[in-house]
Amino acid sequence: MKSVGTFAILAAVGPIAFSFDGWIVSTSIAHEIKDARRNLPIALTVGAGFVLLVYALYFVGMCALVGPDTILALGDAHIYVAAEQFLGSAGAKLVLIFVVISVVGTVNGLVLGSIRLPYSLALHGYYPGSRRIARLNPRLGLSPWSAGAAWLTAAVWMAAHYLTQRFHLLPNSDISEISIVMSYLLYLLLYVRVFSLYRRGEIRGAVRGVLCPLLAAMGSLFILTGGMQNPFFPWYAAFCCLVMAAGGLYHHRHT
């Protein structure tokens with residue numbers, strides 16, 4: 001078995017973080033959830049915990065079955081190899097079909113959440129064309145302009161993803177991993193805000209006001225350390241800073 005260095009382990013943090021990133025999208029539909037203040041934290045905690053358990057069991061089982069060296073060498077293809085050992089060629093193809101179905105289900109949830117995100121921002125005037133995007137279609141129960149804005153954003157990212165994969169700009173990686181790492185860096189501002197609200201007495205209890213944001217900040221910094229192993233991280237971080245600066249300028253001029 002080959003030894004794995006510290007930096008190689010840190011480089012694997014990005015793909016692992018990808019497994020949990022979709023849950024943040026669910027916060028964009030908080031205004032549609034019954035008793036969101038109570039039910040949303042429960043859903044996020046139970047859901048993320050279940051994903052963690054499943055992934056841990058999956059990777060332990062795969063390492064025992066085909067070995068970590070085979071997983072590193074084959075990448076995603078190790079799923080087919082492992083399934084073929086148990087179920088044969090036809091069974092392995094069936095397993096891949098179920099994998100595709102699960103991915104489509106995940107995409108469905110992300111789409112349902114992301115098409116509402118511009119609307120949520122527009123309600124507070126934080127999105128260009130907020131007045132139009134904040135209009136709900138009474139028949140659909142959502143904003144078509146919000147869905148269109150989300151589609152346009154996804155199309156831009158799809159084009160960027162295609163270019164990076166077509167020209168092998170990110171070996172053994174893709175553009176989404178760097179995006180997720182930057183997201184966790186920005187989440188640090190939320191954790192600082194939670195601690196600030198605790199000190200002002202608006203959040204009660206040291207567990208919710210101190211311990212939870214502290215643990216979350218430690219996790220974000222760990223993911224950031226792993227993402228920084230990607231050679232393209234500084235360029236992407238600079239691009240994100242430009243986008244945020246443009247957003248800040250827009251907000252300043254329209255408030």
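**Exercise 1. Classify G109: is this residue buried, partly exposed or exposed in the predicted model?**

Start with the number: the relative accessibility of G109 is 39%. Now bring in the cut-offs: buried is under 20%, and exposed is over 50%. At 39%, G109 sits in between, so the label is partly exposed. Keep in mind that this is a predicted model, so we're reading computed values throughout.

To place the residue, look at helix α5, residues 78-114, where G109 is found. One more check on its surroundings: from G109 to L142 you count 33 residues in sequence, and their C-alpha atoms are 15 Å apart in space.

**Exercise 2. Do the same for S179, then say which residues it touches.**

S179 has 16% relative accessibility, so it counts as buried. Its home is helix α9. Leave out anything up to four places away in sequence, and S179 touches W157 and Y236.

S179 has buried company in α9, including I178, I180, V181 and M182. Further along that helix, Y184, Y187, L188, Y191 and L197 are among the buried residues too.

**Exercise 3. What span should α9 and α10 have, and do their end C-alpha atoms agree?**

Take α9 first. It has 25 residues, and at 1.5 Å a residue these should span 36 Å. The rule multiplies 1.5 Å by one less than the number of residues. The end C-alpha atoms of α9 are 38 Å apart, which agrees.

Next comes α10, with 22 residues and an expected span of 32 Å. Its end C-alpha atoms are 30 Å apart, so that agrees as well.

What follows α9? There you meet G201, with a positive phi near 85°.

**Exercise 4. How do α9 and α10 pack: roughly parallel or roughly antiparallel?**

Step one is the geometry: α9 (residues 175-199) and α10 (residues 206-227) pack at an angle of about 160°, and their axes are 9 Å apart. Step two is the cut-off: over 145 degrees counts as roughly antiparallel. The pair is therefore roughly antiparallel. As for handedness, the crossing of α9 and α10 is left-handed.

Step three is the contact itself. On the α9 side you'll find Y184, Y187, L188 and Y191 among the residues involved, while α10 brings, among others, G209, P213, A217 and L224. Sorted by class, this contact has 17 nonpolar, 3 polar and 1 charged residues.

Finally, check burial on the α10 side. The buried residues there are G209, P213, A217, S220, I223, L224, G226 and G227.

**Exercise 5. Now try α3 and α5: what is their angle, and which residues meet?**

Helix α3 (residues 36-65) packs against α5 at about 65°, with the axes 11 Å apart. The range 65 to 115 degrees counts as roughly perpendicular, so α3 is roughly perpendicular to α5. This crossing is left-handed.

From α3 come Y58, M62 and L65; they meet H78, I79, A82, Q85 and F86 of α5. That gives a contact with 6 nonpolar, 2 polar and no charged residues.

**Exercise 6. Zoom out: how many helices and strands does the chain have, and what box do its C-alpha atoms fill?**

Count the elements: 11 helices and 0 strands. Along the principal axes, the C-alpha atoms fill a box of roughly 60 × 45 × 40 Å. Of the 255 residues, 25% count as buried.

For contacts between residues at least 6 apart in sequence, 53% join residues at least 24 apart.

Definitions and conventions. Residues numbered from 1 in each chain as written. Predicted model: local features only at pLDDT ≥ 70, side-chain atom pairs only at ≥ 80, totals over all residues. Heavy atoms only, no water. Axes fitted to C-alpha atoms, helices over the stretch in contact; angles between N-to-C directions. Helix = DSSP H or I, 4+ residues; strand = E, 2+ residues; numbered from the N terminus. Parallel < 35°, antiparallel > 145°, perpendicular 65-115°, else oblique. Left-handed = near helix turned anticlockwise from the far one by under 90°. Contact = heavy atoms within 4.5 Å. Nonpolar A, V, L, I, M, F, W, Y, C, P; charged D, E, K, R; others polar. Buried < 20%, exposed > 50% of the residue type's maximum accessible area, 1.4 Å probe, protein only.
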